[in-house]
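Trainee: Got a minute to walk me through this one? I'd like to know what I'm looking at before I start clicking around.

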Amino acid sequence: MKTITLTLKKFSSIALEFEELIPDTVYNWNKEDFENYQVPVGNSRFPLTNYFDIEVEGDAEGPEDVKMILEGDMGRVKYIGYRMTDGEIIVNGDADLQAGAEMIGGSLKINGNAESYVGREMRGGNIEVMGNVKEYCGTSYIGEWRGMSGGVIKVHGNAGKQLADCMSGGEIYIGGNCDILAGIHMTKGYIEIGGDVTRWPGGQMKNGTIVIKGKLSYLLEGFDPEGVFVDPEVDGKQLAGKYIKYKGDVGVNGKGSLWLDAEKNRNLL
Amino acid sequence: MVYEEPVTDYDHIVENCTCAFCGSNCDDLDYLVKGNHVVAVRHACRLGASKIMEDEDQRLKVPMMRDENGELQEVDWDTALDAAAELIANAVRPLFYGWSETSIECMKKGLELTEYVGAVIDNQATICHGPTVQAVQNVGYPLMSLGEVKNRADMVVYTGSNPMNAHPRHLARYSVFPRGWFRQRGRFDRTLVTWDPKFSDTAKMSDIWVPFEENGDYAFCNAIRAVLKGKELKEDVISGIPKQDIIDLTEAMKNVEFGALFFGLGLTHTLSKQRNIDIAIGLVQDLNAYTKWVLLPMRGHFNVNGFNIFMAYQMGFPYGVDFCRGYPRYMIGETTTVDLLNREEPDVFMVIAADPGAHFPGGANMHLANIPVIQIDIHWGPSTELADIVLPGTFIGVETAGTSYRMDSVPIHMKSAINPPETCREDEWIVNELYERVKKIKEEAK
């Protein structure tokens, strides 16, 4: 097992791009390799040692043996875990844009808040965010109609707007509240939101499942009620309590299912 | 309103000029010129005419730089260009913003410079119709030319825009009043509909006004789509509009021969942003199962659409294109101007033919006050107060010829009618000169 610890010593207001520093590329690097590495910053590259103290312990045969620990505020470190296929990355602080974007495997844990585009177009692996995420978590590239297609994202805090836009697979669990248009244009996959939702989940969804355990403020006209179910099994997951099931979005002939906690949404019964 | 006598004291008329104001790009203007000055404009609206005639008001005429006391002082062109090139060549995160009020020829030079230094290039779409462009990328673009609307449309819908104030000749020249091939009686052959929370000047003259509540656009369009699919609406009132009104409106929209939906920033900048446009496009697609419907954004500046078309054609992305890694990248919130400024990333900012000082949020302007700003423009404005180097350009469509794209993506040649002030330089020349000088600095450093 190889443990690589990067401790932030200088905060750069221009974001650092970390897509080259994933277990797949650094599993055979020693401390000297890190010290010689120049990290992309804006249109230039600067030594990684300008920004981080570096510690490397142990050896690895492949990316699966790598554990990277990023200590400090990574609020200006973009693309953490970008396209990683294996190994583990732990961020002990906040993470910037595109954390876990296009991730294929392995695990990424953020012990803080994350910016927008967490797990964008993710295909596999696990992302866990202990704080909140901003907009477009598990979404598609702008203009692309296929978003996250595999893997699991677990957010313990709140999620911003347009969660899992164009989602075509995988699972997302949000512990807190969620803003507008969760699962918009969704074609497949599973979204579970523990808290309240402001408006319009599942807009133009064609298929897939959204479960809301809190209160929903506005439901779209494109959803037809299909009845109330007790302790339903949804996508192989057992839900406890009474749920109202809706089918939609009718506007796009969608066959997606939206499950709302019946007790919290009594006004819709 | 005071009656003004027609202007008769002029030397000659330059016919068929193109207006350099809004995205309607009216190309039937006549300029009355006297002593190298446009003294009157025929056929233009008040907005266009005042911009063309009063171009000498607060005109930037000489290059300027800030001295040690922070005051702008006149300098010669070489000093200003060298200083600007030095800033650009040494920047780590340069950002070039604007471009919507200059020519495609100038943008071409700007793109060369951007690519060479690894900068971000962005235009006003980032604060206006950016969400439209994103939605178009997602779900398509059922657009038309304005000529088709003039000749065919029997229902015209304006939503989130007020063309009577912002695009004054749009209704008169393209959409509602003109007599077209199949609409020989002009206004009488057309139904004008406005969907807008406000009783705007356009709403006042409409046949149908649909005052949905603010931020209710997404749910309103969703309800129309559901009705089109034969669904009975659950709620009695949706987004502030009674159920029966939505059903009647949907029926009316289904039964026209040719419908055109025009939308403005009222749709792009409410709560669900690009998803409003996304669902409006979806709605137009659904309506095409019954009859012909098209849609078009009401673009603001005369060449804001030109920049998006030019960039999409050259680089594959419409705006907010980041070349910092040597290849083009585009991501909303990451490579777009206001987000970059709010994150305090850019270290040099060049603004050309735009006024961020007047239009950007306070946080973004605060960062502009802290970094070097190069301005290429023709008029003194709030951005000049933020600028460290000012390079005076020329007025496209009046002093310099160039190409622009109308809101329906029709390219239009803009004539020059008068000579620019001697001390000013064409935008294209300035940007090219910056490129040559930056290249020289970079090559010497190697």
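Mentor: Vocabulary comes before anything else: helices (H or I, at least four residues) and strands (E, at least two) are DSSP runs, numbered from the N terminus. This is a predicted model, where local features need pLDDT of at least 70, side-chain atom pairs count only at pLDDT 80 or more, and totals for chains, interfaces and linings use all residues. Residues are numbered from 1 along each chain as its sequence is written, with chains lettered from A and ligands numbered from 1 in the order in which they are written.

Trainee: Okay, what phi does B:G316 take, just after α13(B)?

Mentor: A positive one, about 90°. The helix before it, α13(B), covers residues 304-315 and reaches 16 Å from its first C-alpha to its last, close to the 16 Å expected (1.5 Å times one less than its number of residues).

Trainee: And which residues of α13(B) are buried?

Mentor: Buried means 20 or more other C-beta atoms within 10 Å of a residue's own, with exposed at 12 or fewer, partly exposed in between, and C-beta atoms placed from the backbone. The list for α13(B) includes B:F307, B:F310 and B:M311. The buried residues pack against α3, β7, α4, β15 and β20 of chain B; contact there means C-beta atoms, placed from the backbone, within 7 Å.

Trainee: Switching to strands: how many residues of β8(B) are buried?

Mentor: 5 of the 5, so β8(B) is largely enclosed by the rest of the structure. B:M155, B:V157 and B:T159 point one way, and B:V156 and B:Y158 the other.

Trainee: What does β8(B) pair with?

Mentor: Two strands pair if DSSP finds at least two bridges between them. β8(B) runs parallel to β9(B), joined by 5 bridges, and B:V157 has B:V193 as its bridge partner there. On β13(B), also parallel over 5 bridges, B:F263 partners B:T159.

Trainee: What about the sheet with β1, β2 and β3 of chain B? Open or closed?

Mentor: Open, in the order β1-β2-β3 with antiparallel pairing. β1 and β3 of chain B stand at the edges with a single partner strand each, so one side of each is left without a neighbour in the sheet. β2(B) and β3(B) share 4 bridges, and B:V33 stands opposite B:V38.

Trainee: Last one: how many residues does each chain give to the contact?

Mentor: Chain B gives 34 and chain A gives 27. On the chain B side, α9(B) makes the largest share, 6 residues.

Notes: Contact = placed C-beta atoms within 7 Å.
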